[in-house]
Structures are given as structure tokens and as C-alpha cells.
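Let's walk through this model together, one region at a time. Have the 3D view open so that you can follow along.

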Amino acid sequence: MSNYQISSALSESQATIADLTSSDTIQKGTTPPADSQTAANLMAAFGGESMANRKYLYFAKIARRLGNEEVAKLFEETANHETAHAFAHLELIYPSSEQTVESVLALAAAGEMYESVTMYPDFERIALEEGNQAAVSEFQEQARESLEHAGIFEKAAKRFGALKKVEAYHAARYQAALDKLKTAKI
Ligand SMILES: [Fe+2]
Ligand SMILES: [Fe+2]
């Protein structure tokens, strides 16, 4: 996998850690500064382990479909280890002892908003330039679903009385996305 692919896949998470550490929510303990190389490395390692988890589950499905249950189980067991590795990185990025229902809802909503208003529209534009209609459709569909997910988290935030904070995150993200679109070189 190229660096470009990895950084694209991680863009949502990078956006959310920047949101988090620029707020007063968390900036203590073992969380590295958002602009440090270690923060970037932890996020890259988290992304790699997370992708390995999903990839091995996908490979397990293939192996099972091809009739090799032993290899399918091998992939599934290893996928569980990759989840543990990813969680260990997350513990340093978003220490669980410092999280609240409000902060995790805000992180999740911000990530989904980023996907919906920035990441997928950017990817869609590039796919269009490269004439890949299947990718264009896929990115459009996933942008819509990310927006739905953001709405689900927003609704949950409302129920838990954390809406004001989440709305502030959204407003900041929207503005940042709009500013980026205005200055983006296409
Ligand atoms: Fe691993
Ligand atoms: Fe999503």
C-alpha cells in the first residue's frame, strides 16, 4: 500500500485528533501533541493495524468460501490480535480514562462529518478526473452514509445532553471544510 493510500485512509482519524487536541477536552497524560511526529506515527500505526484487522476478516471470508476453514480461522484469530494492537495505539491517542460520553460522541461525529464534507468529495473529484465512474458512485454513496452516521451520533449527543459541544465541533469542521474547498487546488 502506498503512502498516499495510507494517508488517505487515515485522514478521518487525523482530523479528529487535531480537533480534540485543539480543544480543551484532552491535553494531558500520555497524549502526544497533535503536531508531533509521535502523534502522526501512532495514528499511522493505528491505521495499519485497523486495516490489517478488516483485511484479514475479508481474507477469512474468501478462504471459507473456497472451502479452507483452517486458513479462515487463522485469519480470524490474527484479526483479533490486530484489533488488540489497534486498541493499544488508541489508548495512547485517546486515553480511555480521560474520555467522556461527550468527547467520544464529538470525536465520532467530527470524523463522520470530515468524511462526508471533505474526504469523500475530494476523492470523488479525483475519481471523476481519472474517469473511474464506479469509484465516483462509491464515494458519493459513502459520503451520504457518513452524513447519516454523523446524524446518529448527533442524536445520541442530544439524548446525553452533549449536543452543544458536538454542534460546536460541527460548525468548526464545516467552516474548515469550506475554507479548504475555497483554497483547494483542483
Ligand atoms: Fe499487528
Ligand atoms: Fe461512517
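In which kind of crossing, left-handed or right-handed, does helix 2 pass helix 3? Before answering, please keep in mind that this is a predicted model. The crossing of helix 2 past helix 3 is left-handed. To find the pair, look at residues 37-65 for helix 2 and residues 69-93 for helix 3; their axes come within 8 Å and cross at roughly 165°. An angle over 145 degrees counts as roughly antiparallel, so helix 2 and helix 3 are roughly antiparallel to each other. As for what lines the contact between these two helices, there are 18 nonpolar residues, together with six polar and five charged ones.

Now zoom in on a single residue of helix 2, namely E49. E49 has 19 other C-beta atoms within 10 Å, and because burial calls for 20 or more, E49 is classed as partly exposed. Leaving aside residues up to four places away in sequence, E49 touches E82, H85, A86 and H89. Take H89 from that set: H89 and E49 are 40 residues apart along the chain, yet their C-alpha atoms are separated by 9.0 Å.

Next, turn to the nonpolar cores. In soluble globular proteins, nonpolar side chains tend to be buried together. Here the largest nonpolar core has 15 residues, and those touching the most other members are L105, A106, A109, A110, M113, Y114 and F153. Helix 4 (101-129) and helix 5 (133-159) are the elements that each give two or more residues to this core. The biggest share comes from helix 4, with 11 residues. A second core, separate from this one, has five residues, among them L42, M43, I93 and Y94.

How values were computed. Residues are numbered from 1 along each chain as its sequence is written. Chains are lettered from A and ligands numbered from 1 in the order in which they are written. This is a predicted model: local features need pLDDT of at least 70, side-chain atom pairs count only at pLDDT 80 or more; totals for chains, interfaces and linings use all residues. A nonpolar core is a set of buried Ala, Val, Leu, Ile, Met, Phe, Trp, Tyr and Cys residues joined through C-beta atoms within 7 Å. A residue is buried if 20 or more other C-beta atoms lie within 10 Å of its own, exposed if 12 or fewer, and partly exposed in between; C-beta atoms are placed from the backbone. Helices (H or I, at least four residues) and strands (E, at least two) are DSSP runs, numbered from the N terminus. Axes are lines fitted to C-alpha atoms, for helices over the stretch in contact, and angles run from 0 to 180 degrees between N-to-C directions. Angles under 35 degrees count as roughly parallel, over 145 as roughly antiparallel, 65 to 115 as roughly perpendicular and the rest as oblique. A crossing is left-handed if the near helix is turned anticlockwise from the far one by less than a right angle, and right-handed if clockwise. Ala, Val, Leu, Ile, Met, Phe, Trp, Tyr, Cys and Pro count as nonpolar, Asp, Glu, Lys and Arg as charged, and the others, Gly among them, as polar. Two residues are in contact if their C-beta atoms, placed from the backbone, lie within 7 Å.
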